[in-house]
Amino acid sequence: MIGTKAARADDVWKVYGKGEAQVVALRGVSASFERGKFTAIMGPSGSGKSTLMHCLAGLDTVTRGTVHIGGTEVTGLGDKALTRLRRDRVGFIFQQFNLLPTLTAAENIRLPLDIAGRKPDPQWWDTVIGTVGLGDRLGHRPSQLSGGQQQRVACARALMSRPDVIFADEPTGNLDSKAGAEILAFLRSSVMEHGQTIVMVTHDPVAAGYTDRVVFLADGEIVAELDNPTPESVLEQMKAGEVLV
Amino acid sequence: MLRATLKSLLARKLRLVLSGLAVVLGVMFVAGAFVTTDTLGRTFDKLFTEGYATTDVAVKAKPKIDVSEMEGEQVETPLPAAVVQSVRQVPGVRQATGVVATDGARVIGSDGKVVTSYGPPRIGMNWVGTDDIMQMRQGRGPEKDTEIAVNEAVAKAAGIKVGDRVGVLTQLPKKTFTLVGVWGYTEGRDSIGGVQEVAFTEPVAQRSMLGETGVFTQITVRTDDGAKPSDVRDRIAAQVGGGYDVKTGEQLAADSSAEFKEALSFFNNILLGFAGVALFVGTFLILNTFSIIVAQRTRELALMRALGAGRRQVINSVLIEALVIGVIAAVLGLGAGVGVGALLVTLFGSMSGGLDPAPVGVPLAAILSSLIVGVVVTVVAAVLPALRASRISPIAAMQDVATPDRPLTRVTVTGAVIGAAGATMLGVGLYGTSSLWLILGGVLVTFIGVALLTPLISKPVVAGLGRLFSWSVPGRLGRLNSGRNPRRTAITAAALMVGIALVTGVTVVMDSAKSSLAAQAESTVKAEIVIGGDQNGPRPPTFDDAVLAQAGAVPGVRAAAGVWNDQAVVDGKRTYVNATDDLAELADAYGSPALPALKSDQMAVSTQEAAENGWGTGDAVKVQLPRGEEHTYSIVATYDEDAIPGSYMLPAAATKEFGITQPFLGFVRLADGATMAGVLPQIKALVADSPEVAATDRSSYIDQQAGTFDTVITMVQVLLGLAILIAVLGVVNTLALSVLERTRELGLLRAVGLGRAQTMRMVTVEAVVISVFGALLGVVVGAGLGAAVVQALESDGITDLVLPWTQMGLYLVLAALVGVLAAVLPSIKAARLNVLAAIAHD
């Protein structure tokens, strides 16, 4: 049932290079991500977890297989359609925050809507701003904000357009544990309270503990899944994985 | 360290190509100037050597007024036929020929128009047969007084052939002759250096070119075999006495060539001046490129420092980079300069009508100046960035590259001080000493001062300009980007400012002069009809003076008078003088207060000139005209310098001793009740036989007077176009580097949904804002400089200050277009970025 899935990959292959230099990053991965769920993709370096996320988000093309966001098939879309898709239906949170230094926090949050030429829904705006807790810092530029604050701005930016799915790539990778915990709690609550779908790539079991489900990747294949994970159960699975390998 | 430097140099090819291009263009102009001058110099050497090949010794009467090639046309003093006889007696002389050969024989072509010349003279001569290098192509030399022969260059330009009836203008009004022969020169040449030649029989040549028979302009001597020309020259000189210049053919060739080279060096200096402007602008571009490169390499340089590289080594690393670019660019510029030189020589050759250019050569001066200029400019521009690079602390390698914006206080104070110094130099130059160097230096220093102030100015102005584009998100992002690095924006804009300021400044001065002149003519010239023509060579267009009397007799004409012009030595000083057929009539026709008619020993002087020399009415002044003996004229009247053209007005009798014995201007005033429609056609009919001039109404005359300034403006615009082109490269460069620097940001924008077209628009807005800012600065600074010059020239008659608003607006619009063009490649690059790779970009 496509309608209930926010994002779905069907037998996705991703091959880089040719001949001897050929590297297979994804080997027939099929996975779906339910609406209103917080999913983590985990795996060791080189397992293909980032590649999978990029393919799901329409940032990278797949070699074989199909990817859907909501009811739309992403694979095969042209640049224009992909741009629209990213603008209207996908949100991003990066490890490096990636805010525009020339814009204030508020302008950064509004940027995707501005690009689309839409006005933010005032009620939703207040809700998001209230939840991120940036009230008095909205007029500041990124260089005047701490790392945690910057990442919260990035989160608010991703939430503001109410996308079908938000992809977060190691969102806490550049933060200390306290700021990281705040961000994760915030993501968790946006799933719980607003039904937001989030797919997060991480290698941190603690971060994975905030999610509803963990998908484990190794060598470009899904090797395990874990529902309602805790940091402990994740760690255990990771250890088991290592033994397996 | 050297290897690391060279490797990082190769890794940034595009940036280096762009900054190197500025040096290439500047050096190209420098080398081009030297190559052109050298090649033309050798062309003229060859030309004159050939021109005098059949002359062993030449005798000329000493000129009454010495005029060099730069200052106008030398008028030859006629040499009596008796001298030819006496030269023939001198031992060693095999043959002595009396020759008439002087400028001013204008052939009327088959289309009824005078065959023009933009440089080479139009010689009228007596036919003395062919010599070693002349070849008869058709027919024969003139034998009857109604016959002429011409060289092939004239025949082709005029479209005439043997048997045609051909009109010729000389010192005499138009006469019609039968063309009986056409000659050319060896090696299939139509002329020597594009000179137009018309040969008459001897008496006709004497009458038409010199105004009297029995005289020549020179004696051409062939010596006996075995006689040394210099010995024969000395013997002839002793024979003819001190009133004559006796020179060998070689001497004459060298003298003529030297005079031309003097003119060429003037041309060379103009080209070098524009090359200087181009390089000055190029310096900004290189400075900017290196600053950006250093900023981008912060991490790399800091790493080197952390690994133990000394400050000195870091400085050297940047300077070596500059040196390599400088040398490569200089060599490329030299190559391009040779091409430009060849092009200019060819252009010059074809424009002067058949000049046969010497093979293009590369003089040592071109090589040395190219290398020195290219390397010095590049290295000097790289010094500041190099010093900055050396101050990067090793710790910067570990941290993010975010260098905080340095405060602008120091650069602003320095800019204000330098700007003030420049303004002072300019002020002293304009009002005090009137030294051109001080003025030019002042302009240059002012530019540097303004450039240093630009970062401060850029903040509010760029923000203001950017508001125009803020209606769209890409526009707003572009505006914010352009205000992001005030120094970089400022230097880029300042480069554009220099070119546009110079063009605007020149336009302000020229337009003001034009308007002042027109206003003055408007208020002083009352004559409704003016007879005159466009001067497009060394010789002014003239007309038959009989027209004046005929015009005076036309019903409805109240007064008609003409003006002659030439150089003369007045009271020991060389100056331009005018003469008129009737001063009383001229005053009436021109509309000035009444003046008396001049008797043949009387003159009138402008009040201003009289005051300067301490003369009053009744004083006697000695005047030497180009021909004849010195005369003493008594001053019978003075007039305001605006009331009558020229400072000196001589009587009609004096015109016989002018180099050009025909009037170049005629003024006709209508009687009360007479209409233009009734009179103008009749006056036009009168000048029909003088095709160099036309009778026009007063307003076309005024427009025509002012038209000269437009030519200068166009010329300056074309030459400064190069400086502006370099500035445009600067905009491209800055943008390309900015796009590169902001790869990650662009990736993010694309990731959150900025479309390709929007990305391109964002980059374009940044470019447009920077260019328009530069143009705005240029227009303001240029208008300021122009206004200062106009102010200073007020006493010289430039009383109107005209700001060319249309032109200035046009520059702004052009700047916006330039911005769009400059953004094409960088914006395509930005739009094509791979989103994923961009975000991952370090």
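**Exercise 1. What distance separates the centres of domain 1 of chain B and domain 3 of chain B, taken over C-alpha atoms?**

Solution. This is a predicted model. Start with the bounds. In chain B, domain 1 covers 54-260 and domain 3 covers 543-689. Domain 2 is built from two stretches, 410-523 + 707-842. Now take the centres over C-alpha atoms: those of domain 1 and domain 3 of chain B lie 31 Å apart.

**Exercise 2. Describe the interface of domain 1 of chain B and domain 3 of chain B.**

Solution. Step one: count contacts. Domain 1 of chain B brings 19 residues, and domain 3 of chain B brings 18.

Step two: find the area. The two domains of chain B bury about 1,400 Å² between them. Carbon and sulfur atoms carry 45% of that area.

Step three: find the main contributors on the domain 1 side. B:Lys64, B:Ile65 and B:Gln171 lose the most area to domain 3 of chain B. Together they make up 45% of what that side buries.

Step four: look for charge pairs. There are 2 salt bridges across this interface. B:Lys174 and B:Asp689 form a salt bridge through their side chains, at 3.3 Å from N to O. That distance passes because the cut-off is 4 Å.

Step five: add the polar contacts. Between domain 1 and domain 3 of chain B, 8 residue pairs are in polar contact. The domain 1 side that touches domain 3 holds 9 nonpolar, 4 polar and 6 charged residues.

**Exercise 3. Work out how chain B meets chain A, and which helices of chain B take part.**

Solution. Step one: count again. 21 residues of chain B contact 21 residues of chain A.

Step two: take the area. Chain B and chain A bury about 2,000 Å² between them, with 65% of it on carbon and sulfur atoms. On the chain B side, B:Leu748, B:Val752 and B:Leu836 lose the most area to chain A. Their joint share is 28% of what that side buries.

Step three: list the polar links. Chain B and chain A share 3 salt bridges. A:Asp114 and B:Arg476 meet in a salt bridge at 3.6 Å, N to O. The interface also has 4 residue pairs in polar contact.

Step four: assign the helices. In chain B, α13 (473-482), α20 (743-751), α21 (756-792) and α23 (835-840) each supply at least two residues of the side touching chain A. α20(B) gives the most, with 6 residues.

Step five: sort by class. The chain B side that touches chain A has 11 nonpolar, 4 polar and 6 charged residues.

Notes:
Residues numbered from 1 in each chain as written. Chains lettered and ligands numbered in written order. Predicted model: local features only at pLDDT ≥ 70, side-chain atom pairs only at ≥ 80, totals over all residues. Heavy atoms only, no water. Domains from an automatic or database assignment. Contact = heavy atoms within 4.5 Å. Buried area = accessible area lost by both parts, 1.4 Å probe. Polar contact = N/O pair within 3.5 Å; in protein donor to acceptor, adjacent residues only side chain to side chain. Nonpolar A, V, L, I, M, F, W, Y, C, P; charged D, E, K, R; others polar. Helix = DSSP H or I, 4+ residues; strand = E, 2+ residues; numbered from the N terminus.
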